[in-house]
Amino acid sequence: MTDYDIEHLTGDLAALLDHFEYASATFVGHDWGAFVVWSFTLLHPERVDRWYRNLNRNWQLLADADPIIQHPALMVYGMRDAVACSENLSSFVPNVEELSLDSGHWVQQERHRETTRAILDWLDRHPAG
């Protein structure tokens, strides 16, 4: 169970950066992966450029982290997703840009061209570093 806590999952992202000798990177996460990316940003903010079910342990590991993510971020929603859009995302991610596409939950598969274009356009408007 501890192999899948947020400390280990975010550690995998840090190890990936180390392997490729990157000081930091831009991360894209979906569903469970989004939670890992948000947590990585909280635990390792210096490693992020712009950017689910082990909750009890994860809450303990994140207890001392600042809960406000200051990095610029892009949130892409599917308008027909059964999971509701966050009504208060900007209160804990103040630099977020939100975009809704005509799709369900798997927006990156259902609208792959539009999702990729949105990410690339956002990256162009928010250069790293």
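Select Ile 6, Leu 9, Thr 10, Leu 13, Ala 14 and Leu 17 in helix H1: these residues are buried (under 20% relative accessible area, with exposed meaning over 50% and partly exposed in between, for a 1.4 Å probe and protein chains only). Seen down the axis of H1, the buried residues fall within an arc of 145 degrees, so they line one face of the helix; the arc is that of the directions from the helix axis to the C-beta atoms.

This is a predicted model, in which local features need pLDDT of at least 70 and side-chain atom pairs count only at pLDDT 80 or more, while totals for chains, interfaces and linings use all residues. Residues are numbered from 1 along each chain as its sequence is written, and side-chain values use heavy atoms, leaving out hydrogens and water.

Turn H1 over and select Asp 12 and His 19, exposed residues on the face turned away from the buried side. Helices here are DSSP runs (H or I, at least four residues), numbered from the N terminus.

Next, show H1 (residues 6–19) together with helix H2 (residues 32–43): their axes come within 9 Å and cross at roughly 75 degrees. The axes are lines fitted to C-alpha atoms over the stretch in contact, and angles run from 0 to 180 degrees between N-to-C directions. H1 is therefore roughly perpendicular to H2 (65 to 115 degrees). On the H2 side, select Trp 32, Phe 35, Val 36, Ser 39, Phe 40 and Leu 43, which make the contact with H1 (heavy atoms within 4.5 Å).

Finally, centre on Thr 10, which counts as buried because its relative accessibility is 0%. Leaving aside residues up to four places away in sequence, Thr 10 touches Val 36, Ser 39, Phe 40, Leu 43 and His 44.

Definitions and conventions:
Helix = DSSP H or I, 4+ residues; strand = E, 2+ residues; numbered from the N terminus. Parallel < 35°, antiparallel > 145°, perpendicular 65-115°, else oblique.
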